[in-house]
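Got the viewer open? Let's take a short walk through this one, one selection at a time.

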Amino acid sequence: MNDFPFVRIQQEDFDLTEEINAIRAGHKDIGAVVSFTGTVRDINEGDDISVLELEHYPGMTEKALEKIRLEAHDRWPLQSSLIIHRIGQMMPCDQIVLVAVTSRHREAAFEAAHFIMDYLKTNAPFWKKETFPNGETRWVDARVSDKEAEQRWLQ
């Protein structure tokens with residue numbers, strides 16, 4: 001289990017069942033598994049989206065995600081956790097991110113998963129570019145609502 005990559009940046013899709021089974025392996029004391037799978041939307045800010053492309057800074061991104069993951073372990077009694085984030089070109093309905101958390105009790109798992117997602121949205125070094133059906137593109141700016149969600153964890 002020590003060699004298991006708890007943070008992965010990858011182009012290929014992931015299998016939710018396979019990933020959950022992997023983080024549960026060897027833990028008989030797990031009472032809760034909480035997962036969040038984010039998918040690519042077909043619309044953003046009122047515009048149709050045909051392709052979403054994510055770029056990242058290799059090395060820096062993995063370190064940032066691992067820092068977020070470990071902070072969740074410092075805040076809550078977790079058994080294991082996993083962050084998978086995809087990069088490259090994706091189409092609407094494609095899976096883009098997986099956050100999975102296990103703990104003895106559900107409340108810790110729910111809160112930790114929520115925390116990880118809020119911090120991913122504001123502190124992970126990803127750049128998103130949307131392509132519209134007419135071929136035009138735009139870079140996606142950070143949302144005020146994501147920054148506000150992060151603030152609740154600072155109190």
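## Stop one: a mixed sheet

Start by selecting V34, which stands opposite V101 in strand 8. Keep in mind as you click around that this is a predicted model. Now widen the selection to strand 2 and strand 8 (residues 95–103): the two pair in the antiparallel sense over eight bridges.

Next, bring up the rest of the sheet. It is an open one of four strands in the order 1-6-8-2, with mixed pairing. Which strands stand at the edges? Strand 1 and strand 2 (32–39) do, and each has a single partner strand, so one side of each is left without a neighbour in the sheet. Neighbouring strands here are turned by 10 degrees against each other on average, direction ignored.

## Stop two: strand 1

Hop across to strand 1 and show strand 6 (residues 78–86) with it; these two pair in the parallel sense over four bridges. Pick V7 and look for its bridge partner in strand 6, which is I83.

Now turn on side chains. In a regular strand the side chains alternate between the two faces of the sheet. Here V7 and I9 point one way from strand 1, while R8 and Q10 point the other way, and all are buried.

Zoom in on R8, in strand 1 (residues 7–10). Is R8 buried or exposed? Its relative accessible area is 16%, and the cut-off for buried is under 20%, so R8 counts as buried. What does its side chain touch? One polar contact goes to the side chain of Q10 (3.1 Å), and another to the side chain of E19 (2.6 Å).

## Stop three: an antiparallel sheet

Clear that and select the other sheet: four strands in the order 7-5-9-10, open, with antiparallel pairing. Strand 7 (88–90) and strand 10 (137–139) are at the edges with a single partner strand each, so one side of each has no neighbour in the sheet. The twist from one strand to the next averages 25 degrees.

In this sheet, select strand 5 (residues 51–56) and strand 9 (residues 126–131), which run antiparallel and are joined by six bridges. To find your place, click V51: opposite, in strand 9, stands T131.

## Last stop: a surface patch

Switch to a surface view and select Y57, M60, W127 and W139, which make a nonpolar surface patch of about 470 Å². M60 lies in helix 2 (residues 60–75), and with a relative accessible area of 40% M60 is partly exposed.

Notes: Residues are numbered from 1 along each chain as its sequence is written. This is a predicted model: local features need pLDDT of at least 70, side-chain atom pairs count only at pLDDT 80 or more; totals for chains, interfaces and linings use all residues. Side-chain values use heavy atoms; hydrogens and water are left out. Two strands pair if DSSP finds at least two bridges between them. Axes are lines fitted to C-alpha atoms, for helices over the stretch in contact, and angles run from 0 to 180 degrees between N-to-C directions. Patches are made of residues with over 30% relative accessible area and no salt bridge: like charges are joined within 9 Å, nonpolar side chains (Val, Leu, Ile, Met, Phe, Trp, Tyr) within 5 Å. Accessible areas come from the Shrake-Rupley method with a 1.4 Å probe; for residues, only the protein chains shown count as cover. A salt bridge is a side-chain nitrogen of Lys or Arg within 4 Å of a carboxyl oxygen of Asp or Glu. Buried means under 20% relative accessible area, exposed over 50%, partly exposed in between (1.4 Å probe, protein chains only). A polar contact is a pair of N or O atoms within 3.5 Å; within protein, one must be able to donate a hydrogen and the other to accept it, and residues adjacent in sequence count only if both atoms are side-chain atoms.
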